[in-house]
Amino acid sequence: MRFQPVIPKTKHRHGTALRVAIIGGAGLFLFGVLFFRLWSLQVVTGDEYLAEATENRTREIRVRPPRGRILDRDGNVLVDNRTSMALQLDPIEVPDASPARRKLFKSVAEVVDRKLEWVQNRYRQEIENDPPGSPVTMADNVDDDLVFYLQEHQAEYPEIQVNRVFVRKYPQGAEAAHLLGSVGDVTAEDLDKADDPDIEGGDSLGKAGIEQTYDHTLRGSAGTTKYQVDSTGKVKGQLDSQTPRPGDTLRLTLDQDVQQAGEAALSSIGLPGGFVAMDVNSGEVLGLGSAPTFDPAEFTRPLSQKRVDELYDEDNGAPLFNRAITGAYPVGSIYKPITAIAALDGGVISATDVVQDTGQVKIADQVFTNAGKEAHGPVDMRRSIEVSSDVYYYLLGAKMNGTNQLQKWSDQFGIGQTTGIDLPGEAAGFLPSKEAINERDREEPDNPFAVPWVIGDNIQLAIGQGSLQADPLQMAVAYSALGNGGTVYKPRLVQQTEDAAGRVLSETEPEVVREIPIDPGARDVIMSGLHDAAQSPEGTSYKVFGGFPVPVAGKTGTAERPPNGDQAWYAVLAPYPNPEIVVTTTIEEGGFGADTAAPVALQILSAYFDKQAKAVSGGTASPE
C-alpha cells in the first residue's frame with residue numbers, strides 16, 4: 001500500500017495572517033485612543049484641571065462692606081456700624097448623608113451650647129428663607145474665647161466658619177426709628193427682585209425706612225479675600241484680596257433737637273399718634289415721628305415670632321406702624337382753611353360776609369351743630385377760623401355741593417395723595433367726592449356704611465369729617481403751601497450724600513410739585529384767623545400758645561372717629577406772618593386738639609426756636 005504525501009493546505013496560512021492583521025489593527029486603534037485621551041488631558045483640558053487643583057487648595061471669602069452711616073443735618077450720628085463675629089455654616093460643606101449631617105449638627109450644638117433639635121430647626125429655617133448657597137448663621141456676637149477655640153481646633157470643625165460681620169449700631173437708641181427703618185439678610189424673594197448683580201446670599205439689605213429707600217447708596221460694594229488652606233480646611237496663609245468699598249454716608253435734613261422734642265412730647269401723652277415738622281420754603285423734613293415706637297437694634301438679631309407678633313399687634317399699639325405717613329384719619333377743623341380758600345375762589349362768600357352762628361343749622365332736614373352746641377354769634381371768615389365755627393363751614397359745604405370746588409382745591413393742596421417723600425409705604429388717604437363715594441357704593445354693596453353721595457358728605461368734608469382720610473405729612477405739605485403763598489414742595493429727608501471720608505458726593509435740591517394760585521388777600525385773611533386762633537384770648541388754642549414768644553398761626557382739630565374716641569389734631573405755622581416751619585400733630589383718642597395735640601406742637605416749636613435763638617445770640621446752640 002502506498003501513501004500519498006501530505007501537502008499543507010494553503011488556506012490555513014492565509015487564516016493565520018488575517019488574525020495577526022486584525023489583532024495588530026485593534027492594538028493600533030486602542031493605542032490611538034489612549035494617545036488621544038492623554039493628549040486631551042494634557043493639552044486640551046489641562047489648564048482646566050490645573051485650575052481645579054489650585055482651587056482645591058484655596059478658599060475665597062466674600063468680604064461684605066460696612067453700610068454707610070446716617071447723620072442728622074448737623075452731623076450727629078443716628079446710625080453707625082459695629083463689628084461682630086458670627087458662627088456660620090457653609091451649606092455646600094454640610095453633608096447630605098443623615099449620619100454625617102447629624103454628627104455635624106451635634107458638633108455645632110456643643111459649640112453654641114444649644115440642643116441638637118434647636119440647631120436642626122435653625123438650619124432648616126435659614127435654608128428655607130435664604131437664597132441658595134447663603135452662609136447659615138448659627139450664632140451672632142460670638143465671644144473671643146469661642147473664636148480662639150475654633151481657630152485652634154479648625155481641623156475638628158472644618159465645616160464651621162467664624163466670620164466678621166458688620167452690624168448696625170444706633171447711638172441715639174430708638175430715636176427716629178420709623179424714619180430710619182431697619183436692615184435684614186437678603187431673602188430669596190429679594191434676590192429675585194434685585195436689579196443689582198452684586199447682591200448675593202448673606203448680604204444685608206434695607207428693609208424699611210431710609211435704609212430701604214437709599215439701600216443702593218448705603219450698601220457699598222463687596223470685596224474678596226483668598227486664603228490658602230490645607231486638606232483639612234485649616235488656613236495656611238492669605239493670598240490676593242479685593243478691598244470692599246464702604247457704603248456712602250447720608251446726611252439727613254432731620255434736626256435732632258426737633259426730633260427729640262417731638263418724640264418726648266408724644267411719649268408724654270401716652271397715646272398713639274404722630275408728628276411732622278417741615279421747612280415751609282424747601283420741603284426739608286426737620287422731624288417726623290410716630291408713637292408707640294420700637295428699638296431698631298432689635299432687628300440686628302433674629303426676632304422670635306412672638307416678638308414679631310407684638311410689633312404688629314394693634315392691641316399693643318402696632319409699634320411698627322408709622323402714623324406720620326400711613327395713618328389715615330379724619331382731620332377735623334385743621335381742614336377749614338382749605339374750605340375757606342375754595343369758597344372765596346368760587347365766589348360762594350366774601351371774607352367780610354357775616355354768618356349768624358347760633359350753634360346749629362338745619363340743612364336738608366338735618367340739623368348740624370357746633371361742638372357742644374356753642375353759639376359764636378356773628379362771624380366773618382377771620383373770626384370763623386379764630387373760634388372754629390362749624391356752622392359757618394357747614395353752610396359753605398352746602399353751597400359748594402355739586403360744584404366740585406371743594407374737591408378741586410383739596411386736590412391742589414395734595415389731600416388724598418401721596419406726597420412722594422423718600423420713605424417707603426406712604427398711604428394716599430382718601431378725598432371724598434361724588435364720583436369716589438358712588439364708586440365705593442357700587443364696589444361694596446354689602447357695606448352698610450357705603451351709601452350713595454348726599455349733600456351731607458360735602459357738608460362733613462367742609463369741616464374735615466366724614467370719609468376724609470389724611471395723615472400728618474399730607475397736612476404739613478398743605479399748610480406749607482398756605483404758609484409760603486402757594487408752592488407745594490415734595491417733602492424730603494436726605495440733604496446730601498458723602499463718601500466715607502466726608503467728601504460731598506451729591507446734594508438734593510428743593511423740588512416743586514406744583515404752584516397753587518392762592519389769592520394773596522385770601523391768604524392774609526386766613527393767616528390772620530389762624531394767628532388769632534392761637535394767640536388771641538378767644539382763640540381755640542390760646543391756652544397753649546397765648547404766651548409763646550414767637551408769633552404763630554395755628555389751628556386745632558377734633559375729629560369724630562367712631563367707634564374710637566375723638567382724633568386730636570394741631571397744625572401751626574411760625575413765625576407769623578412769614579413762616580419758616582410748619583408742625584402738624586395728631587393723637588388717637590386724644591380728645592380736643594388743644595388738650596393733647598397742640599402741647600406736642602408747642603414743645604417742637606420751643607425746641608426749634610430756642611435753637612435758632614441760641615444760634616443768633618452766639619450761645620451754646622451748637623449741637624457739637
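The paragraphs below go through a predicted model, starting with its confidence and then taking helices, hairpins, aromatic rings and three single residues in turn.

The average pLDDT of the chain is 88, and 91% of the residues score at least 70. Residues 619-624 have a pLDDT below 50, and this stretch has eight contacts in the model beyond near neighbours in sequence. Where pLDDT is low, the predicted coordinates should not be read in detail.

Helix H19 covers residues 472-484. The helix has 13 residues, and at 1.5 Å a residue they should span 18 Å; the C-alpha atoms at its ends are 18 Å apart, so the expected span and the model agree. Is H19 mostly covered or mostly open? It is mostly covered, with twelve of its 13 residues buried. Among the buried residues are Pro472, Leu473, Gln474 and Met475, as well as Tyr479, Leu482 and Gly483. The start of the helix has a contact between side chain and backbone: a side-chain oxygen of Asp471 comes to within 3.1 Å of the backbone nitrogen of Leu473. Beyond the other end, Gly485 comes just after H19 and has a positive phi of about 100 degrees.

Two hairpins come next. In one of them, strand E11 (residues 273-279) pairs with E12 in the antiparallel sense, over six bridges. Gly274 has Ser290, in E12, as its bridge partner. Five residues lie between the two strands of this hairpin, where Gly283 takes a positive phi near 85 degrees. Strand E12 itself runs over residues 285-291, and seven of its seven residues are buried, so the strand is largely enclosed by the rest of the structure. In a regular strand the side chains alternate between the two faces of the sheet.

The other hairpin is made by strand E18 (residues 494-498) and strand E19 (residues 504-507), which run antiparallel and are joined by three bridges. Gln496 is bridged to Glu507, which belongs to E19. This hairpin has five residues between its strands, and Gly502 takes a positive phi near 90 degrees.

Aromatic rings form another set of links. The structure holds ten aromatic pairs. In one of them, Phe294 and Phe299 have ring centres 5.8 Å apart and planes at 80 degrees, so the pair is edge-to-face. Phe294 has a relative accessible area of 7% and is therefore buried. Phe299 is at 25% relative accessibility, so this residue counts as partly exposed. The dividing value is 20%, and buried means under it.

Tyr329 and Trp569 make another edge-to-face pair, because their planes stand at 70 degrees, with ring centres 6.3 Å apart. Which parts of the chain does this pair link? Tyr329 lies in the loop between helix H12 (323-326) and helix H13 (336-345), whereas Trp569 is in strand E22 (residues 564-574), and the two are 240 residues apart. Tyr329 counts as buried at 1% relative accessibility, and Trp569 counts as buried at 0%. Elsewhere, ring pairs join Phe545, Phe548, Tyr570, Tyr608 and Phe609 into a cluster.

Three single residues in helices complete the picture. Gln407 is in helix H16 (residues 405-413). Its relative accessible area is 7%, so Gln407 is buried. Apart from residues up to four places away in sequence, Gln407 touches Leu431, Pro432, Ser433, Trp453, Asn458 and Leu461.

Phe105 belongs to helix H3 (residues 98-112). With a relative accessible area of 4%, Phe105 is buried. What does Phe105 touch, not counting residues up to four places away in sequence? Its contacts are Leu89, Val94, Leu116, Val119, Gln120 and Tyr123. Val79 is 26 residues from Phe105 in sequence, and their C-alpha atoms are 36 Å apart in space.

Gly262 is part of helix H10 (residues 256-269). This glycine is buried, at a relative accessible area of 0%. With neighbours within four places in sequence left aside, Gly262 is in contact with Phe275, Val600 and Ile604. Gly346 is 84 residues from Gly262 along the chain, and 38 Å separates their C-alpha atoms.

Definitions and conventions. Residues are numbered from 1 along each chain as its sequence is written. Side-chain values use heavy atoms; hydrogens and water are left out. pLDDT is the predictor's confidence in each residue, from 0 to 100. Contact means heavy atoms within 4.5 Å. Helices (H or I, at least four residues) and strands (E, at least two) are DSSP runs, numbered from the N terminus. The expected span of a helix is 1.5 Å times one less than its number of residues. Buried means under 20% relative accessible area, exposed over 50%, partly exposed in between (1.4 Å probe, protein chains only). A polar contact is a pair of N or O atoms within 3.5 Å; within protein, one must be able to donate a hydrogen and the other to accept it, and residues adjacent in sequence count only if both atoms are side-chain atoms. Two strands pair if DSSP finds at least two bridges between them. Rings of Phe, Tyr and Trp (its six-membered ring) pair if their centres lie within 6.5 Å; planes under 30 degrees apart count as stacked, over 60 as edge-to-face and the rest as tilted.
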